[in-house]
There are 2 protein chains.
Amino acid sequence: MPVDNIDRVLVGDCIELMQSLPEASVDMVFADPPYNLQLGGDLLRPDNSKVDAVDDDWDKFGDPSESVGASFALYDKFTRAWLAAARRALKPEGTLWVIGSYHNIFRIGTALQDQGFWLLNDIVWRKSNPMPNFRGKRFTNAHETLIWAARDKAAKRYTFNYDSMKELNEGTQMRSDWLLPLCTGGERLKGEDGKKAHPTQKPESLLFRCIMAASNPGDVILDPFFGTGTTGAVARRLGRRFIGLERDPDYAAIARKRIAQIEPLAAEDVTPKPSKRAEPRIPFGVLIEAGLLQPGTVLSDQSGRLHARVRADGTLSASNAMGDHRGSIHQVGAALQGAPACNGWTFWHIDVAGSRRPIDHLRQQVRSGL
Amino acid sequence: MPVDNIDRVLVGDCIELMQSLPEASVDMVFADPPYNLQLGGDLLRPDNSKVDAVDDDWDKFGDPSESVGASFALYDKFTRAWLAAARRALKPEGTLWVIGSYHNIFRIGTALQDQGFWLLNDIVWRKSNPMPNFRGKRFTNAHETLIWAARDKAAKRYTFNYDSMKELNEGTQMRSDWLLPLCTGGERLKGEDGKKAHPTQKPESLLFRCIMAASNPGDVILDPFFGTGTTGAVARRLGRRFIGLERDPDYAAIARKRIAQIEPLAAEDVTPKPSKRAEPRIPFGVLIEAGLLQPGTVLSDQSGRLHARVRADGTLSASNAMGDHRGSIHQVGAALQGAPACNGWTFWHIDVAGSRRPIDHLRQQVRSGL
DNA sequence: GCCCAGAGTGAATCTCAGC
DNA sequence: TGCTGAGATTCACTCTGGG
């Protein structure tokens, strides 16, 4: 990726700009495209004040006098064009986020699937403070939907910081429904006239979670509908890099000014919690070589019912009604349980000073000594 | 509508059966179509037990060895055919519900919009007890999505019982995200072998809310994927009529038997709350006055461990090691738990026909009957 | 009868490095 | 590219059986 595009806001048509980026050069895409709202007329609150709705030209697709179907056709064409350009710019193991509402998210999800993206999750952003339904004709539209997708079905090694998400959720798995407030108050960018600078500014908390979940420090995050730069602001704070594409030079100027004021957090504060998978592998035999375990030691499972004997070559031997077993700590553990698989590190224990400890404890000693 | 189709389960292909129904004859459609899950191999839990996945033939579209795109093409063709048939059977001001997950809901939403349906809401069913993600590779898939749509954009006079929904939601507008548990325990239909009779049985609470929101007593509700008849059971209980279409005669037989055991609620209890009337909160004593609960009835918590007795003045009495307690349903519930507060409406249960139900259910009856 | 431990289960697109 | 084997991975709830 040419350095002169990184951490910059580029003004112009996002499809053309994405086509000018190197292929397979970005790690993650976050996109907040126009919603194609098709609002008919003004919406009034019960007190007859007018709701400041999205009525910008960039949210219009087709002539309002034409059929609804014609508008969808134009919107689909636009959607497929920018998605294809984003897919081209994405690394093979990168992922893409798109946010939308029921007006457009079904068009986008279908287009994603048709282009070969592989859906990983749909995420519901539950708004803690949504706008009520003033007419009383529908349920309060209290959420928006994000789709998180891998570039293709075969991409298995996409980034997902599972452990960080679990920590963020008080120790249990992060669910597909996120409760977050709208972007209001001091976070909401205002113009000199005191009015909101952008009609659909997203809360930084939403971007925080997407970026923390699916990227690593130093990754390049592309946002083709940059607006006032929420993606760039959060990316910079979290030690990620960004490429912002925005058609409107006024929005781009606001975004540049906003991001320049951001102070990146310290590197050690933005690194995802390391997963166990990322830790170096330790062959079981190393414990024997290191003298932490003697050949001939008898291991047992936690209950003390199953036993196996450590051999000098790093295998275990055991026997039960099914016969003799010899092999890795995992294979023998599985065989004795009659199970299809077994994690020998946590299954097997040794007795130390009267208490039973998993051999994983010894592995940790080796790792910390490396 | 010919009487001989009403309150019946018809066995056969749902598209052909819908085409044989009179045009514009049903008030509401509820559809739970196949999701086209495209699952891979087996999935094991960390304890090595196997997940009982949906692997039925009815959820297969195309040969798994062929491309993903080919499967979507078949699924789209099927979707558009049954949606067109459902639209034909629907009255001009009727509405349609479809439920799905991220595997299929985007295809369905797109097809709905393309056929001229007008989307009213997308509703998120947040599962209070979803299955976790066992491999730590994605967010917990903790919700499903329903789409609620009018037959066309011009239909303005569809049924939406706004005030009933508001009451069900403790006096504020019902939002587009609903927190409901899975269908488990006594509600889940089992075969003689003790295994679940249908792999994807939906909870009655979900149907309750859809039917209460978008239909009136006496309305005809069509379900083209009837399965074991949850739609019919709830429709009958709420004084609505139904037409159930089901391909599998075994499922149809289970559904017929199930529905025959349902006792419809009194007409005055299932009528939507008339709009434009500000209703007071329901004091607990009103349930006693209304005869829904007799003084002397013993309430229990969900586990059946804690008990309290209903008094004629609308208070409860109970005792435990800490002494005797008397007061409101909320106070006694809190005292018995040693908790600072308690929502008595959801904490206390009564046993009805062998199953335990929160007294909130009775409050809903009072409210819907007002 | 009560309490507690343990087993069971739900629409799920669920690993990955190294040879 | 495919195959092998290490080894990482679960939440809320219900039901059953033993003490």
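**View 1. F134(B) meets a base of DNA strand C through its backbone.** In this predicted model, a backbone N or O atom of F134(B) sits 3.0 Å from a base nitrogen of the strand. Over on chain A, K156(A) also brings in a backbone N or O atom, but here the partner is a phosphate oxygen of DNA strand C, again at 3.0 Å. K196(B) goes for a phosphate oxygen too, using an N or O atom of its side chain at 2.6 Å.

**View 2. The protein surroundings of DNA strand C.** There are 41 residues around the strand, and the ones that come nearest are R45(B), Y102(B), R135(B), K137(B) and K196(B). Looking from the DNA side, sugar and phosphate supply 50% of the strand C atoms that come within 4 Å of the protein. As for the make-up of that protein surface, count 19 nonpolar, 7 polar and 15 charged residues.

**View 3. W97(A) and F139(B), an edge-to-face pair.** The whole structure holds 33 aromatic pairs over all chains. In this one, the ring centres are 6.4 Å apart and the planes make an angle of 65 degrees. W97(A) belongs to strand β3 of chain A, while F139(B) is in the loop between β4 and β5 of chain B, so the pair joins two chains. Both W97(A) and F139(B) are buried. Zoom out a bit and ring pairs tie these two into a cluster with W148(A), Y158(A), F160(A), Y162(A) and W178(A).

**View 4. Two lysines over aromatic faces.** K137(A) lies over the face of Y158(B), 5.1 Å from the ring centre. Within chain B, K127(B) lies over the face of W125(B), with 5.2 Å to the ring centre.

Definitions and conventions:
Residues are numbered from 1 along each chain as its sequence is written. Chains are lettered from A and ligands numbered from 1 in the order in which they are written. This is a predicted model: local features need pLDDT of at least 70, side-chain atom pairs count only at pLDDT 80 or more; totals for chains, interfaces and linings use all residues. Side-chain values use heavy atoms; hydrogens and water are left out. A residue is near a molecule or strand if one of its heavy atoms lies within 4 Å of it. A polar contact is a pair of N or O atoms within 3.5 Å; within protein, one must be able to donate a hydrogen and the other to accept it, and residues adjacent in sequence count only if both atoms are side-chain atoms. Ala, Val, Leu, Ile, Met, Phe, Trp, Tyr, Cys and Pro count as nonpolar, Asp, Glu, Lys and Arg as charged, and the others, Gly among them, as polar. Rings of Phe, Tyr and Trp (its six-membered ring) pair if their centres lie within 6.5 Å; planes under 30 degrees apart count as stacked, over 60 as edge-to-face and the rest as tilted. Helices (H or I, at least four residues) and strands (E, at least two) are DSSP runs, numbered from the N terminus. Buried means under 20% relative accessible area, exposed over 50%, partly exposed in between (1.4 Å probe, protein chains only). A charge sits over a ring if NZ of Lys or CZ of Arg is within 6 Å of the ring centre and within 35 degrees of the ring normal.
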